[in-house]
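This report covers helix packing, nonpolar cores and two individual residues in one chain. The sequence and the structure are shown first.

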Amino acid sequence: MKIRAVKTENIYLLIILGAAVASVFFYTYLPTGSLFIFNSPDETANFFSTESFNFYNSFGRPEPLNDIADGLIHPRSIVARGDYLLPVSFIGLPLLYGILSKVTGLGLTPFFVPFFSSAVIVIFYFLIRRIFGADTAFWSALFLVFLPPFLYFSNRGFFHNVLFLDLIILFAAIMVFRPVGSLEKHAGKKKWIYRLGDEIWGGIILGLAFLTRPTEFLWL
């Protein structure tokens, strides 16, 4: 029975890995067809801030025409302070994207969330398997691939929604899989080193999630 269960789990994992790879094509459909063209003011503002951070290490940049327009020239979700345009949205996404874009280039930023989401499907499978078992994990992860809000917002890479969810799932996985049991094998002062590593990474991921959507603080 144990061997059969292991074989079933291996089959489940192969299917989930295949679904995660296939999901890359589902989640990159809109970014591929309309790179840097957004039909949402919030996405436009987030891209503006990301682009500014990439080029100028700042979330805003000047608009010289506001000297004569009295601050009237600015898109929605962006405000003018003097001749300077600044975002009014949350800074977590532009901060993370801005840092990553300095390594990958600005052209890949619309694809960050699609790839994050595809990887999170596999992480989600392992997370649910640890808590509820392989059968529940398999169907949960498989349904997540095609869950309409997840599918839609994974295509909208400059929205906060799915990035926030991806970070929370990653944080939960770090906390669930932290090797608490193995700490007993390490005597004395070494224990805190093993525990601290997971807590630092967990804290960084959770902090990025809070920066991405600070309004979710209370329910979290």
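## Crossing of α3 and α5

In this predicted model, α3 and α5 cross in a right-handed sense. Their axes lie 8 Å apart and form an angle of about 45°. At that angle α3 counts as oblique to α5, because the value falls outside the ranges for roughly parallel, roughly perpendicular and roughly antiparallel.

On the α3 side, the contact is made by N46, S49, T50, F53 and N54. On the α5 side, L93, P94, L95, Y97, G98, I99, S101 and K102 take part.

## The largest nonpolar core

The largest nonpolar core has 38 residues. Within this core, I16, Y97, I121, Y125 and L163 touch the most other members. Two or more residues each come from α1 (2-27), α5 (92-104), α6 (112-132), α7 (134-146), α9 (161-177) and α10 (191-212). The largest contribution, nine residues, is that of α6. In soluble globular proteins, nonpolar side chains tend to be buried together.

Y97 links two parts of this description: Y97 belongs to the α3–α5 contact and is also a member of the largest core. Setting aside residues up to four places away in sequence, Y97 touches T50, T109, F112, V113, G157, F158 and L163. Of these, T50 is one of the α3 residues in the helix contact, and L163 is listed with Y97 among the core members that touch the most others.

## The second core and I78

A second core, separate from the largest one, consists of five residues, including A45, F48, A80 and L85.

I78 is located in strand β2 (residues 78-81). Is I78 buried or exposed? Its relative accessibility is 2%, so I78 counts as buried, the cut-off being under 20%. Beyond four places in sequence, I78 touches A45, F48, L85, L86, P87 and V88. Among these contacts, A45, F48 and L85 are members of the second core. I78 and P41 are separated by 37 residues in sequence, and their C-alpha atoms are 8.9 Å apart.

## S58 in the loop after α3

S58 sits in the loop between α3 (41-56) and β1 (61-62). Which partners does the side chain of S58 reach? One is the backbone oxygen of G60, at 3.1 Å. Another is the side chain of Y84, in a polar contact of 3.4 Å.

Apart from neighbours within four places in sequence, S58 is in contact with S49, S52, F53 and Y84. Of these, S49 and F53 also belong to the α3 side of the contact with α5.

How values were computed:
Residues numbered from 1 in each chain as written. Predicted model: local features only at pLDDT ≥ 70, side-chain atom pairs only at ≥ 80, totals over all residues. Heavy atoms only, no water. Core = buried A, V, L, I, M, F, W, Y, C linked by side-chain atoms within 4.5 Å. Buried < 20%, exposed > 50% of the residue type's maximum accessible area, 1.4 Å probe, protein only. Helix = DSSP H or I, 4+ residues; strand = E, 2+ residues; numbered from the N terminus. Contact = heavy atoms within 4.5 Å. Polar contact = N/O pair within 3.5 Å; in protein donor to acceptor, adjacent residues only side chain to side chain. Axes fitted to C-alpha atoms, helices over the stretch in contact; angles between N-to-C directions. Parallel < 35°, antiparallel > 145°, perpendicular 65-115°, else oblique. Left-handed = near helix turned anticlockwise from the far one by under 90°.
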